[in-house]
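I opened this notebook to record what I looked up about empty space and helices. The structure comes first, and the entries follow.

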Amino acid sequence: MIVACPDGPLLVRGEVDIFSTTGEEIQQNRKTIALCRCGVSTIKPFCDGSHKLVNFRTEPPEPEATT
Amino acid sequence: MSDVEGLDLGVFNAGDADTMTIATDKPREGDSAPTYEPRGPLSTQLMAALATTPETGEGMLASFVPAVERVLGSTRDVIRDEDIQLALFVLYSVHYGGKGSADPAWEWNPVTIAARVAIEKVFERELRLRVPVAALPPAKAHSVAAALFELAREDSGPSLSQYVARTASREQLVEFLVQKSIYTLKEADPHSWAIPRITGRAKAALVEIQADEYGGGRAERMHSEIFAGTMRLLGLDPAYGAYVDNVPALTLASFNMMSMFGLNRRLLGAIAGHLAAFEMTSSVPNRFYGNGFRRLGFGPDATWYFDEHVEADAVHEQIACRDLAGSLAEDEPRLLDDIMFGARACLMVDGWVADDIRAAWASGKSSLRRAAPGGDRGAS
């Protein structure tokens, strides 16, 4: 199961195998993992919270409220 | 009913009832008496009594609750009162067990409970008074998550983690570990008190986080155990409580606050909010902490604790804000207020702890009450 977290990573529950493009298996240290989708993580493919520092947005900004 | 009684008798017939009572009352190995350096009349009186059993020690606490009330009535700041926070820390230790937890017969002793409740009442009132008031988000999981992320984002004052990354000396890293050890050697435990008190998806979320905190079935990966390894590598003693005498009241208050939120069912919302805020302000600072240790030549064994939290808490914060705090608010909207209170209290008190450490270091002083022995023989 994959949850797309708003303005954040993809949360993955359940067994998946992750490989690098050269075919090496990437070790997973926990049952539930978060995969980077802002591109800034220092521990890719995993999330390190960096999306918060770069104001990564998964949705277009809401239009300004009109009065 | 008779079946049940019969069953009970059957069990008790396995041994002599008197012997069993005595055996049950006997403290486990490691449930030692608290022997910290007293910081005033309350911690003096309390630890003297807890060195014994309730049968002999209760008399020593005859005047304890009125004394607690008196000190609470005259303290300038309950959150930074050395004597009160040490006494509260000791009273919580009785519930946790282990080193410094006293004879377990004290756990439900009316006098120790009354003293704890009296301190908690004033401590909680003071926290509520000082936590900034703000409008509540709607009781929807995504709104609560967004509000918590906003709170965590705003919590970016002068950063202790950046100081550790760029400037801290080896002695300051040791000090940082000493400060951190009060909670981290029991990492996750205060929030685990909430597990039986919570239901449904919020419970599943809490257990998902805690299982990871406790190593996902591998004892050597328990976060408290990984932290103990870092302490050893810097020449520190990882036995629980080894540095209680070294840390100031505020550091004890940060841990006492978690214990209070966790141990009191009425504060369920606050412990959930606390965990969310804690997780949401963890992954980025831990990268900086790790960088500080790397800068001073420490290897992956020493930085494992911080590296682990960069990855783990990027997962936990997503679960904690939406599935734990958010779902809890949606399912039990009356808890929303306390969820936000717990989160704000976490950021406020831990912000003060970080500010005090930074202020001490900025003026060339130690942030500890007294220098930690050892801590300077680790190989880097």
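Which helix of chain B gives the most to the lining of the largest cavity? I worked from a predicted model throughout. I found that helix H15 (residues 268-280) of chain B gives the most, with four residues.

**Entry 1: cavities.** I searched the whole structure and obtained two cavities of 30 Å³ or more. For the largest cavity I noted about 40 Å³ of space. I listed its lining as B:His191, B:Ala194, B:Ile198, B:Leu206, B:Leu268, B:Ile271, B:Ala272, B:Leu275 and B:Leu324. I then sorted this lining by class and counted eight nonpolar residues, one polar residue and no charged residue.

I turned next to the second largest cavity, for which I recorded a volume of about 30 Å³. Its lining includes B:Ser181, B:Ile182 and B:Leu185. I also entered B:Ala239, B:Tyr240, B:Gly241, B:Ala242, B:Tyr243 and B:Val244 as lining residues of the second largest cavity. By class, I counted seven nonpolar and two polar residues there, and no charged ones.

**Entry 2: a pocket.** I looked up the second largest pocket and noted a volume of about 270 Å³. How many residues line the second largest pocket, and which lie nearest its centre? I counted 17 lining residues, and those nearest the centre are A:Arg30, A:Lys31, A:Thr32, B:Asp212 and B:Gly216. From chain B, I noted that helix H12 (200-213) and helix H17 (300-331) each supply at least two residues of this lining. Sorting the pocket lining by class, I obtained four nonpolar, six polar and seven charged residues.

**Entry 3: two helices of chain B.** I checked the length of helix H10 (residues 170-184) of chain B against the expected span. At 1.5 Å a residue, its 15 residues should span 21 Å, and I found its end C-alpha atoms 20 Å apart, which agrees. I also looked up burial, and 13 of the 15 residues of H10(B) are buried, so that the helix is mostly covered, where buried means under 20% relative accessible area.

I repeated the check on helix H14 (residues 249-263) of chain B. Its 15 residues should span 21 Å at 1.5 Å a residue, and the end C-alpha atoms lie 20 Å apart, in agreement. Are the residues of H14(B) mostly covered or uncovered? I recorded H14(B) as mostly covered, with 15 of its 15 residues buried.

Key: Residues are numbered from 1 along each chain as its sequence is written. Chains are lettered from A and ligands numbered from 1 in the order in which they are written. This is a predicted model: local features need pLDDT of at least 70, side-chain atom pairs count only at pLDDT 80 or more; totals for chains, interfaces and linings use all residues. Side-chain values use heavy atoms; hydrogens and water are left out. The expected span of a helix is 1.5 Å times one less than its number of residues. Buried means under 20% relative accessible area, exposed over 50%, partly exposed in between (1.4 Å probe, protein chains only). On a 1 Å grid over the protein atoms alone, a cavity is a set of points where a 1.4 Å probe fits but cannot get out, and a pocket is an open set with protein on both sides within 12 Å along at least five of seven lines; lining residues have an atom within 4 Å of a point. Grid points are joined across faces, edges and corners, and a volume is the space filled by probe spheres set on the points. Ala, Val, Leu, Ile, Met, Phe, Trp, Tyr, Cys and Pro count as nonpolar, Asp, Glu, Lys and Arg as charged, and the others, Gly among them, as polar.
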